[in-house]
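Here is a short set of exercises to work through with the model open in your viewer. Try each task before you read its solution.

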Number of protein chains: 2
Amino acid sequence: MRNIKLLLSYDGTDFSGWQRQPDRRTVQQVLEEAIGRLTGVEAPTNASGRTDAGVHALGQVVHFYTASRHPPEVFVKALNAMLPPDIRVRGASEVPQSFHATLDAKSKRYRYVIDNGPVADPFQLRYSDHVYQRLDEGAMNRAAQALKGRHDFHSFETNWPNRTSSVRTIYDIQASRAGHIIHVEVEADGFLYNMVRSITGTLVLVGLGRWPESKVGEALAAEDRREAGPTAPPQGLFLVYVRYPGDPDGPSDR
Amino acid sequence: MRNIKLLLSYDGTDFSGWQRQPDRRTVQQVLEEAIGRLTGVEAPTNASGRTDAGVHALGQVVHFYTASRHPPEVFVKALNAMLPPDIRVRGASEVPQSFHATLDAKSKRYRYVIDNGPVADPFQLRYSDHVYQRLDEGAMNRAAQALKGRHDFHSFETNWPNRTSSVRTIYDIQASRAGHIIHVEVEADGFLYNMVRSITGTLVLVGLGRWPESKVGEALAAEDRREAGPTAPPQGLFLVYVRYPGDPDGPSDR
């Protein structure tokens, strides 16, 4: 069996997230069906991580085992011909048998998009959360730095049974503005459930001036979800890229 | 009666264009209904020009007469509260009685967006035409300059009864690339039916290397639609802005 790694983009709007669920349109189900039509066998796929309903991916990484002899570039063309247009395969490669998209991920980067114009941009409806009050992105960026490094992020996760540890390492966190669009980007060795969305909801309180910058570090130290801000809605969240050992440093996609 | 000018953005995907038609969801109908709910009278509106089904607007300009005494900023807030999220009022002002959004327009600027990545970008599906073969945007830009100036653009219009003259003046025309996205932008004193879409379809032939750059000027001189390239599909087209006498020069919106 060969181990095939795929790089995927998807618009999460019309999917009930990554993971297969009965009677729901999910990315995993649609992808596995396409692989089944191409190879004759519906192979199970593993992604770097689940994305929730409405969450988008610019560079999700998935792998699956197959006996098919197609060269990797054929997987790109043939799967794209079979997939609906809201999922695209951007690349395929054959990787060692031992490669596992979930377990081997070294870091992942997420972006949360805030539409911060006084009037919501109709072209950003599916891809952002709209905050009409002017946000101070400089204050958001400074406050965010308290989260950088290795910490227990229990204040920034929502219920997730079977989680043994809430300790993660944030390598990079930034808030920046381009025109009326604010990006909150977070790169970490792993993410807790709703972590980027609750970090964003907290930083928005700082950007609005309702929280002093120092309160973000205090919320982190409290290790209590009630001490942090609200969870921002899913449609602003993008999985930007996933990095594996041996990948080059620096932004790998877009 | 007061004369109110509105600046509108709309995502054209789910509209059958600007103009009212029986049993179709159009921008004009949805806007006039909202004005009717706000003022108690469904006022007829005039736009700078019609946009076709699927065509988008970043800065469409519309005016209407009303006896309502609301200050302009109330029109922005109240209409946005009543309009569906795929239309937004970005600004409102009271203008002289004589102002007419169609007749007074000095120039309009359109943008055509081409997704020129090898694999279609799922986030650009509604907002671009995908051309997977690599386009030479430098050649497209050079070839486009033959269209600048005052010409008979009959080669770049599709059937449009009652048209008395096909002479228009293009003030600026550019093709440029940012990553996998190519913009074809055209500013003119007026546009014929499908003019930007047929210019784009023609420039794509140049970008593909199927036409020499010189052939664009020859197609223009022929004054025959059959001598130019195909009409690009509607979803890549955006009305960027409309300029009126007295407006400042330079990009007025975005």
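**Exercise 1. A pair of strands**

How many bridges join strand β8 of chain A to β9(A), and do the two run parallel or antiparallel?

*Solution.* Keep in mind that this is a predicted model.
- Step 1: find β8(A) at residues 167-178 and β9(A) at residues 181-188.
- Step 2: count the bridges between β8(A) and β9(A); there are 8, and the strands run antiparallel.
- Step 3: pick one bridge as a check: Ile173(A) has Val186(A) in β9(A) as its partner.
- Step 4: look at the turn. The hairpin of β8(A) and β9(A) has 2 residues between the strands, and Gly179(A) takes a positive phi near 65° there.

**Exercise 2. The neighbours of β5(A)**

Work out which strands pair with β5(A), and in which sense.

*Solution.*
- Step 1: take β9(A). It pairs with β5(A) in the antiparallel sense over 8 bridges. Two of the matches are Tyr112(A) with Val184(A) and Asp115(A) with Ile181(A).
- Step 2: take β10(A), residues 237-243. This strand is also antiparallel to β5(A), with 6 bridges, and Val242(A) in β10(A) stands opposite Lys108(A).
- Step 3: take β6(A), residues 129-130. Here the sense is parallel, over 2 bridges, and Ile114(A) faces Asp129(A) of β6(A).
- Step 4: ask how covered β5(A) is. Of its 9 residues, 107-115, 8 are buried, so by the cut-off of 20 or more other C-beta atoms within 10 Å the strand is mostly covered.

**Exercise 3. The whole of chain A**

Decide whether the radius of gyration of chain A agrees with that of a compact globule.

*Solution.*
- Step 1: for 254 residues, a compact globule would have a radius of gyration near 18 Å.
- Step 2: chain A has 19 Å, which agrees with that expectation.
- Step 3: add the outline. Along the principal axes, the C-alpha atoms of chain A fill a box of roughly 60 × 40 × 35 Å.
- Step 4: add the interior. Buried residues are 41% of the 254 in chain A.
- Step 5: add the contacts. Among those in chain A with a separation of 6 or more, 71% link residues 24 or more positions apart.
- Step 6: add the secondary structure, which comes to 5 helices and 10 strands in chain A.

**Exercise 4. One face of a helix**

Which residues of α3(B) are buried, and where do they fall around the helix axis?

*Solution.*
- Step 1: list the buried residues of α3(B), which spans 137-144: Glu137(B), Met140(B), Asn141(B), Ala143(B) and Ala144(B).
- Step 2: look down the axis of α3(B). The buried residues fall within an arc of 165°, so they line one face of the helix.
- Step 3: recall the general rule. An α-helix has 3.6 residues a turn, so residues three or four places apart point the same way.
- Step 4: find the cover. The elements over the buried residues of α3(B) include β8, β9, α4 and α5 of chain B.

**Exercise 5. A residue at the edge of burial**

Place Val167(B) in its surroundings.

*Solution.*
- Step 1: Val167(B) belongs to strand β8 of chain B.
- Step 2: Val167(B) has 13 other C-beta atoms within 10 Å and is therefore partly exposed.
- Step 3: leaving out residues up to four places away in sequence, Val167(B) touches Arg150(B), His151(B) and Asp152(B).
- Step 4: compare a residue of the same chain. His183(B) is 16 residues along from Val167(B), and their C-alpha atoms are separated by 24 Å.

**Exercise 6. How the two chains meet**

Which residues does the contact between chains A and B take, and what relates the copies?

*Solution.*
- Step 1: count the residues: 17 come from chain B and 17 from chain A.
- Step 2: on the side of chain B that touches chain A, β1 (2-10) and β4 (87-95) of chain B are the elements giving two or more residues. β4(B) gives the most, with 4 residues.
- Step 3: sort that side of chain B by kind: 10 nonpolar, 2 polar and 5 charged.
- Step 4: superpose the copies. A turn of 180° with a shift of 0.0 Å along the axis lays chain B on chain A with an RMSD of 0.0 Å. That is the relation of a two-fold axis.
- Step 5: locate the axis. Phe123(B) comes closest to it among the residues of chain B, at 5.2 Å (C-alpha).
- Step 6: compare the two sides. 100% of the interface residues of chain B are also interface residues in chain A, so the copies meet through the same surface.

Definitions and conventions:
Residues are numbered from 1 along each chain as its sequence is written. Chains are lettered from A and ligands numbered from 1 in the order in which they are written. This is a predicted model: local features need pLDDT of at least 70, side-chain atom pairs count only at pLDDT 80 or more; totals for chains, interfaces and linings use all residues. The radius of gyration is taken over C-alpha atoms; the globule rule is 2.2 Å times the number of residues to the power 0.38. A residue is buried if 20 or more other C-beta atoms lie within 10 Å of its own, exposed if 12 or fewer, and partly exposed in between; C-beta atoms are placed from the backbone. Two residues are in contact if their C-beta atoms, placed from the backbone, lie within 7 Å. Ala, Val, Leu, Ile, Met, Phe, Trp, Tyr, Cys and Pro count as nonpolar, Asp, Glu, Lys and Arg as charged, and the others, Gly among them, as polar. Two strands pair if DSSP finds at least two bridges between them. The arc is that of the directions from the helix axis to the C-beta atoms. Copies are superposed by least squares on the C-alpha atoms of residues with pLDDT of at least 70 in both.
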